[in-house]
Amino acid sequence: MSAVAARLGAWVLDRLAGIGHGARFFIRLLALLPGALGRPRLVIDQLHFIGNRSLSIILVSGLFVGFVLGFQGYYILQRYGSAEALGLMVALSLLRELGPVVAALLFAGRAGTSLTAEIGLMKAGEQLSAMEMMAVDPMARVLAPRFAAAVIAMPVLATLFSAVGVIGGWGVGVLLIGVDAGGFWSQMQAGVDVFGDLGNGVIKSVVFGFVCAFTALYVGHEAQPTPEGVSRATTTTVVASSLAVLGFDFILTALMFGAA
Amino acid sequence: MTALLHCVLTDARAARNLSAAAPLPDTPPFVSFEALHFGYAGRPLLRDVTLHARRGEVVALMGGSGSGKTTLLRLLGGQLRANAGRVCFDGQDVGALGREALYRLRRRMGMLFQFGALFTDLSVFENVAFPLREHTRLPESMIRDLVLMKLDAVGLRGAAALLPSQVSGGMARRVALARAIALDPPLLMYDEPFAGLDPISLGTIAHLIRALNDALGATSIVVTHDVPETFAIADRVYLLGDGRIVASGTPDALRASSDPYVLQFLHGSRDGPVQFHRPAPPIADDLGLPR
């Protein structure tokens, strides 16, 4: 019995130490952000690597999500004779929820795993140690610019996802099914609030950017410097980022739209 | 200084046969490990290690795999902290330094990692330019000249535009060496510089270690278990075994030693103080055979 309690205690202490270590890592990254932004060349390189290379999957996924929303939305709305509200439904679904959340999940799978593998392999190849021995802080030189780039890229990608999704919904609703184009756009214009809907969606995606970037970099940095360790770390990044994004989405939605 | 370095290196490169430098005057140690103890999670790895390296010396740390040689380099670089004892570099206790002071000290160190540890996303040129860009505000033209001179010193000026993935293991080691000397550090550390190299690359790296050390007036600490090359370039050799210094002296003194551990290590003998078999119960027990 006492052995079980001791093991449980050790497990709890271990978890608490891990949380503390992660929190210190996050605070350090935040503290290094201004310095990273002071070296724009490094951040721009990473924006290209993280943002531009995620663009294709974000745009294609956004378009197909928009297609599906167009079909499903029309199917429901036409029952109540409100097919013209399709534009509003598609826009609100994308701006408030699907844009930030799906873009973040795709980002975690595409850019997050790439970041984790890159940092993990740099560690395994002693590149981070070499940098330390050259009196260059790897967190400032390698991790912080990637963190900044991911946080900047995330809301841009989420906004593009939503914009392309709206076009997809328009394509299916207006061009394919024949919903009135004027009603589609005017209801959207009248019903979407720039700050309440678009603004909150952007805030969500910024938070998801922090979550995904931190998870990817932390897991990569703490990966065992072996092929198996790096492989496990990339999987952990996807799982942890996705769960964290969904958890934070619930909290943020409750805070932003719960009162309404 | 740079021009002088270049001239000296060019002359040194012409020399084909290397030998250990003449004995140095009795100067205070530039690097010292004093009564050092270190271990991981209660398991001792280094016990009461004391060794010194003076300015201008090439000091080799030799010993079997897992004897704690690389750990000594990491302790000297401040990546690890000793459990007891001191590691001093140019009079400063490395283990007592804070982050800023440690980073300042590391600018005076150059380290060659076992497999080079080149930045794979940067070209050979950019790898060598990296410390110059990070620690100096030199104009681009001067950085270019310095990098090309460093690369020329290791014979790889012609590989400046290549990526690390496009050079061989030996060449990668030489690029890493050029990067390590980019800031002309007074201390150079080499972690297994000869591991996995063909004989020509091995001879080239050995030659460069001695030549660069003499040209820079630096101190070199070489962690290795490659006996012939190391004995050709080292001023002093420390032999580690079981976490302790088991023998030390000039290469000639070690060759003349009758210590069983030294003899076994130098001749690569299977029989000696270091057992081939890791301690285990009798094999008959494991196989379930009657004894």
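**Exercise 1. Find the residue just after helix 2 of chain B that takes a positive phi, then describe the burial of that helix.**

Step 1. Go to the end of helix 2 of chain B. Just after it, B:Gly78 has a positive phi of about 80 degrees. Helices (H or I, at least four residues) and strands (E, at least two) are DSSP runs, numbered from the N terminus. The model is predicted: local features need pLDDT of at least 70, side-chain atom pairs count only at pLDDT 80 or more, and totals for chains, interfaces and linings use all residues. Residues are numbered from 1 along each chain as its sequence is written, while chains are lettered from A and ligands numbered from 1 in the order in which they are written.

Step 2. Apply the burial cut-offs. A residue is buried if 20 or more other C-beta atoms, placed from the backbone, lie within 10 Å of its own, exposed if 12 or fewer, and partly exposed in between.

Step 3. List the buried residues of helix 2 of chain B. They are B:Lys69, B:Thr71, B:Leu72, B:Leu73, B:Leu75 and B:Leu76. That is 6 of the 8 residues in 69–76, so the helix is largely enclosed by the rest of the structure.

**Exercise 2. Give the strand order of the open sheet in chain B, and state what packs on it.**

Step 1. Read the order. The 4 strands run 2-1-4-5, with antiparallel pairing. Two strands pair if DSSP finds at least two bridges between them.

Step 2. Find the edges. Strand 2 (43–54) and strand 5 (92–93) of chain B each have a single partner strand, so one side of each lacks a neighbour in the sheet.

Step 3. Trace the bridges of strand 4 of chain B. Strand 1 (residues 29–40) pairs with strand 4 (residues 84–89) over 5 bridges. Among the partners, B:His37 goes with B:Ala84 and B:Ser32 with B:Cys88. Strand 4 is joined to strand 5 by 2 bridges. There, B:Cys88 stands opposite B:Asp93. The hairpin of these two strands has 2 residues between them, and B:Asp90 takes a positive phi near 50 degrees.

Step 4. Add helix 2 of chain B. Helix 2 packs on the sheet and touches strand 1, strand 2 and strand 4 of chain B. Contact means that C-beta atoms, placed from the backbone, lie within 7 Å. The direction of helix 2 makes about 115 degrees with that of strand 1.

**Exercise 3. Describe how helix 4 and helix 5 of chain B pack.**

Step 1. Take the geometry. The angle is about 125 degrees and the axes are 9 Å apart. Axes are lines fitted to C-alpha atoms, for helices over the stretch in contact, and angles run from 0 to 180 degrees between N-to-C directions.

Step 2. Classify. Helix 4 and helix 5 of chain B are therefore oblique to each other. Angles under 35 degrees count as roughly parallel, over 145 as roughly antiparallel, 65 to 115 as roughly perpendicular and the rest as oblique.

Step 3. Name the residues. Helix 4 of chain B brings B:Phe125, B:Val128, B:Ala129, B:Leu132 and B:Arg133 against B:Ile143, B:Leu146, B:Val147, B:Lys150 and B:Leu151 of helix 5.

**Exercise 4. Place A:Thr234 in chain A.**

Step 1. A:Thr234 lies in helix 8 (residues 227–257) of chain A.

Step 2. A:Thr234 has 20 C-beta neighbours inside 10 Å, so A:Thr234 counts as buried.

Step 3. Leaving out residues up to four places away in sequence, A:Thr234 touches A:Thr113, A:Thr116 and A:Ala117.

Note on methods
Two residues are in contact if their C-beta atoms, placed from the backbone, lie within 7 Å.
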